[in-house]
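Work through the exercises below with the sequence and the three-dimensional structure at hand. Try each task before reading its solution.

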Amino acid sequence: MTVPTTKLNDGREIPQLGFGVFQVDPDTTADKVQAALDVGYRHIDTAQMYGNEEGVGKALASSGIPRDQLWITTKLDNDGHGRGTAAERLDQSLTRLGLDHVDLYLIHWPRPAEDRYVETWQGFEDARDAGKARSIGVSNFQVPHLERLAKETSTVPAVNQVEFHPQLVQRELREYHQQHDIATEAWSPIGQGKGLLEAPELAELAGRTGKSPAQVVLRWHIQLGNIVFPKSNNPDRMKENFEILDFTLSDDDLAKIEQLHTGERIGPDPDTFG
Ligand code: NAD
């Protein structure tokens, strides 16, 4: 199955479907990533905070997959804000990953109370200029944080990775992203597999399309233009989550899923976290 790509504002193409490794045990990460690569995933989303970059690197090295067929994202840990530190931390990530560059480096959280995300972003521009991060972006940024970067720096983030699932459909950010050519990455795309997947609306769509509720939700993201990287430790589910490119939801179906929005977050509030 060919995974569609999204063109970023820096001209690079990112696979729209990947594999996330949040809460994957560092001791088993190499095996899990290897299993995901076997399924066909070529885009891996990790972070310094997850403590499992080494496992990701191990799997990449033993897979024999050419580097230019892989998309690897990592994120700066919260205690690493600052222009110089952001670049130093990336060097440490590259050592753990066994790579000379990542495809995408993200500021994991804006930490507005500390108020150093603007200078941190300048460190990201340095890392990009040094060739160590081919694309740079942010995560968990709200509109005012994006507006400050636009006003005070010269690079628009290529992506903003935010919590996004049918119960939190991020209308305000989507509109801002569209206006400023920022790609939307959706974290916890299936709501961490909790109550959301039991919604009767999803059961109905799953029955009609012959797919599972998780596949319906992931397909919804793809048709919205989101980039997703569902996580699973289970190879059957990794496969299930990958098999979402062979069916289409109607506009009515998409609208029905959007009606599940409650505004409730799974994760912390980006305005105060970190
Ligand atoms: P997710 O929405 O991908 O859900 C994963 C969980 O759902 C699994 O642990 C499993 O319990 C269940 N699941 C997986 N496949 C299923 C299926 N087919 N059917 C039923 N249940 C299934 O949640 P996530 O891991 O939080 O998010 C995905 C990725 O997003 C992470 O791995 C990470 O890479 C990224 N992320 C980023 C941030 C951030 O702050 N930037 C925060 C959280 C997650």
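The exercises go from the whole chain to helix pairs and then to single residues.

The model is predicted, so that local features need pLDDT of at least 70 and side-chain atom pairs count only at pLDDT 80 or more, while totals for chains, interfaces and linings use all residues. Residues are numbered from 1 along each chain as its sequence is written, and side-chain values use heavy atoms, with hydrogens and water left out.

**Exercise 1. Describe the overall build of the chain and determine how its radius of gyration stands against the globule rule.**

Begin with the secondary structure: the chain has ten helices and ten strands, where helices (H or I, at least four residues) and strands (E, at least two) are DSSP runs numbered from the N terminus. The radius of gyration is 18 Å, close to the 19 Å that the globule rule gives for 274 residues, so the chain is as compact as a globular protein of that length; the radius is taken over C-alpha atoms, and the rule is 2.2 Å times the number of residues to the power 0.38. Along the principal axes, the C-alpha atoms fill a box of roughly 55 × 40 × 30 Å. Of the 274 residues, 55% count as buried, a class defined as under 20% relative accessible area, with exposed meaning over 50% and partly exposed in between (1.4 Å probe, protein chains only). Finally, among contacts with a separation of 6 or more, 75% are between residues 24 or more positions apart, contact meaning heavy atoms within 4.5 Å.

**Exercise 2. Classify the packing of α7 against α10 and state which residues meet.**

Helix α7 (residues 200-209) packs on helix α10 (residues 251-258) at an angle of about 155°, with the axes 10 Å apart; axes are lines fitted to C-alpha atoms, for helices over the stretch in contact, and angles run from 0 to 180 degrees between N-to-C directions. The two helices are therefore roughly antiparallel, given that angles under 35 degrees count as roughly parallel, over 145 as roughly antiparallel, 65 to 115 as roughly perpendicular and the rest as oblique. In the contact, L202, E204, L205 and R208 of α7 meet D253, K256 and I257 of α10. These residues divide into three nonpolar, no polar and four charged, where Ala, Val, Leu, Ile, Met, Phe, Trp, Tyr, Cys and Pro count as nonpolar, Asp, Glu, Lys and Arg as charged, and the others, Gly among them, as polar.

**Exercise 3. Carry out the corresponding analysis for α4 with α5.**

Helix α4 (residues 117-129) and helix α5 (residues 143-152) pack at about 60°, their axes 10 Å apart, which makes α4 oblique to α5. On the α4 side the contact involves Y117, V118, W121 and Q122, which meet P144, H145, R148, L149 and E152 in α5. The residues of this contact comprise five nonpolar, two polar and two charged.

**Exercise 4. Two residues that are not glycines have a positive phi; locate each and decide whether it is exposed or partly exposed.**

Q23, with a phi of about 65°, lies in the loop between β3 (19-20) and α1. Its relative accessible area is 56%, so Q23 is exposed. D181, with a phi of about 60°, lies in the loop between α6 (171-180) and β9 (183-187). Here the relative accessible area is 46%, so D181 is partly exposed.
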